Each structure stands twice: as structure tokens, then as C-alpha cells.
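Q: Could you take me on a close look at how one helix sits among its neighbours? I would like to follow the packing residue by residue.

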Amino acid sequence: MVNSPHEAMHRIFQGHPGLFSGVSEVLGVHFTPPTSVTILPTDLTETRPLERRVDTLLRLEAEDEEPLLLAVEAQGKKDPHKPASWAYYASYLLTKYRLQPMLLVVCQDRATAEWAARPVTFGPPQWPLLTLRPLVAGPHNMPVITDPDEVHKDLALATLSAITHGKNPDIEAILKAVTAVLQDTPDAVKNPVIEIIFQGLGKLPAAALWRKLVAVDLSFYKSPIFEEARDEGRAQGQAQGRAEDILDVFDVRGLDVPEAVRERITSCEDPETLRHWHRRAVIVRSADEIFTDE
């Protein structure tokens, strides 16, 4: 999907390859700022039919230092199988490019970030073969930037910070600081930032706030993604209204609504189905009977 936090958390490094310098500094690990950055193919598929793809892969070059491969992975939840995949990526990249690999994992919730940051050892306990230690950027260590002056200093870092802090209580102040800077930013820079923050916030409540701020503070900005999201939001609102109407009928009729029935009604987004259930709600003897003629 276009509106995907997963895509935003790693694609921002493609649009702003130098961002890794700011992120690594925040994380307390020194890497010399690259003098050039090359975006490489992300396909790590082997000759046999087994497809493996890293989210974003960059070649970073710095003066007087060996080039470095940076794999950026966006991680939305804990996955016990992922460390083995990451170890494979590192080994494959070292073998293919003969350059030292580095892994940065970007997360949007603290629990996942802390899980991803834990070193994972492979091999028997009496003689560990290797240890995986990715750098992790997430709400636990990314700066909360609410000062427009700080946003202006590093717009890319502020953009990633806004995405990783999508659930932060201060998200409104964070987003307002970004829009304050974007008002005087050229379209070529401003528009991708608007889009990637919108993608990064996904279905979080902060996404609706971002749309509102962009509409008010950046009123001339037009985007197919924003139009699509507005239409999607309108449809979701209508579905929610129809679901509430069904539950109101049950309430007036004094019918008990099991939690499973309530969940199925409120999670439905098809207007025709909801309209049909609404009619059935008037005549059925129990709430779950609205589904019996399907």
C-alpha cells in the first residue's frame, strides 16, 4: 500500500541518503559523513528460487575510509525469525560486494525497538559463532523535535523523528514544528517530506492531524495520496455510522450483543453488507441472527 509506515521508515533514507550521519550521531555511534551515496538494488535473491529483499540498501563512501554498505530495515513488530534473516543479509552483502555491511533497524514502537536492539548470538553456547548487533532507531532514542529551529537544522532527521514518534503525546507539537519550516521550503523538498510523513503515520490518529495541519498551514499543497486518504476517511466514517445504527437498534430492542457480534459489525467496511444487517436487526430475535441468511 502507498500509505505504509513500513515504506516510509526506510524510503526516507533513499530520498535523504545522508540522513544516516544524523541518525548515527543521535545513537552515539560515530560514522564519518559520506562524501557520496549510491542507492543499490535491494534484491538479495539467490540463484535458487528463494527471494530475499532488504528494505533499503545504500553504499556510503567517506574520504580516506573504505566504502560501507548500509542496509535499512523497517520493523513493525517483533519477529523471532527476523534476526536470522538479518544475519543472512549481512553475510550475503559481505560476500557479494566485499564491503563491510551495517544494519539499521527503524521502529515505530518502543517494545519492538528494544527487542530489535538486543544482541542475538548464533551458534552453540559453548562457542558462539557470530553475534548480530544492529543499530536501532525508534521512539526510545530518536529526539522529540518541537522547535522549528531544530527542524530547520536537519529536516530529514526531523522527518524520521516525526514518523518514529507517531504515537507520542507530543506529536501535535512535533508536526506543527515541521509545517512551520515547510512553509518556507521549496516544493521539490517540501512535497516529498509531506508525503513520507503521511505514509509513515499510516492509520495512527496523528495521520488525520497531519492532513489537517497540511491543509491549513500549506493550503496550496495538492496530492493524490491526500485525496485518496480523504475519500477513504469519508467511507470509513460512513461505515462506522451504519455500524452504530445497527447497535442502536439492538439497544432499543433490548437485545444482548455478544462481543464477537459487536466486533464483526464494527469491523465491517462494506456499506451494502451493513445496510443489509441494519434491516435484519429490526426483525431478528437475537443479535447473531443478522448473519444467518448469508
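A: Happy to! Let's start with the setting: this is a predicted model, and the chain holds 12 helices and 7 strands. Of its 294 residues, 43% are buried. If you take the contacts between residues at least 6 apart in sequence, 65% of them join residues at least 24 apart.

The helix to look at is α6, residues 155–164. One partner is α8, which covers residues 187–201. The two helices pack at an angle of about 20°, and their axes are 9 Å apart. Because angles under 35 degrees count as roughly parallel, α6 is roughly parallel to α8. Their crossing is right-handed. On the α6 side, the residues in this contact are Leu155, Thr159, Ala162 and Ile163. They meet Val189, Val193, Ile196, Ile197, Gly200 and Leu201 of α8. Sorted by class, this contact has 8 nonpolar and 2 polar residues, with no charged ones.

Now turn to α1, residues 5–15, another partner of α6. Here the axes come within 10 Å and cross at roughly 175°. With angles over 145 counting as roughly antiparallel, α1 is therefore roughly antiparallel to α6. From α1, the residues taking part are Ala8, Met9, Ile12 and Phe13, and they meet Ala156, Thr159, Leu160 and Ile163 of α6. This contact divides into 7 nonpolar residues and 1 polar residue, again with no charged ones.

Put the two lists side by side and you will find Thr159 and Ile163 of α6 in both: they meet residues of α8 and residues of α1. A helix rule helps in reading such lists: an α-helix has 3.6 residues a turn, so residues three or four places apart point the same way.

For another view of helix surroundings, have a look at α3, residues 82–97. Its 16 residues, at 1.5 Å a residue, should span 22 Å, and the end C-alpha atoms are 22 Å apart, so the two values agree. Buried in α3 are Lys82, Pro83, Ser85, Trp86, Ala87, Tyr88, Tyr89, Tyr92 and Leu93. The cover over these buried residues includes the strands β2 (56–61), β3 (68–75), β4 (100–107), β5 (120–122) and β6 (130–132), along with helix α4 (110–117). After α3 comes Arg98, whose phi is positive, near 55°.

Key. Residues are numbered from 1 along each chain as its sequence is written. This is a predicted model: local features need pLDDT of at least 70, side-chain atom pairs count only at pLDDT 80 or more; totals for chains, interfaces and linings use all residues. Side-chain values use heavy atoms; hydrogens and water are left out. Axes are lines fitted to C-alpha atoms, for helices over the stretch in contact, and angles run from 0 to 180 degrees between N-to-C directions. Helices (H or I, at least four residues) and strands (E, at least two) are DSSP runs, numbered from the N terminus. Angles under 35 degrees count as roughly parallel, over 145 as roughly antiparallel, 65 to 115 as roughly perpendicular and the rest as oblique. A crossing is left-handed if the near helix is turned anticlockwise from the far one by less than a right angle, and right-handed if clockwise. Contact means heavy atoms within 4.5 Å. Ala, Val, Leu, Ile, Met, Phe, Trp, Tyr, Cys and Pro count as nonpolar, Asp, Glu, Lys and Arg as charged, and the others, Gly among them, as polar. The expected span of a helix is 1.5 Å times one less than its number of residues. Buried means under 20% relative accessible area, exposed over 50%, partly exposed in between (1.4 Å probe, protein chains only).
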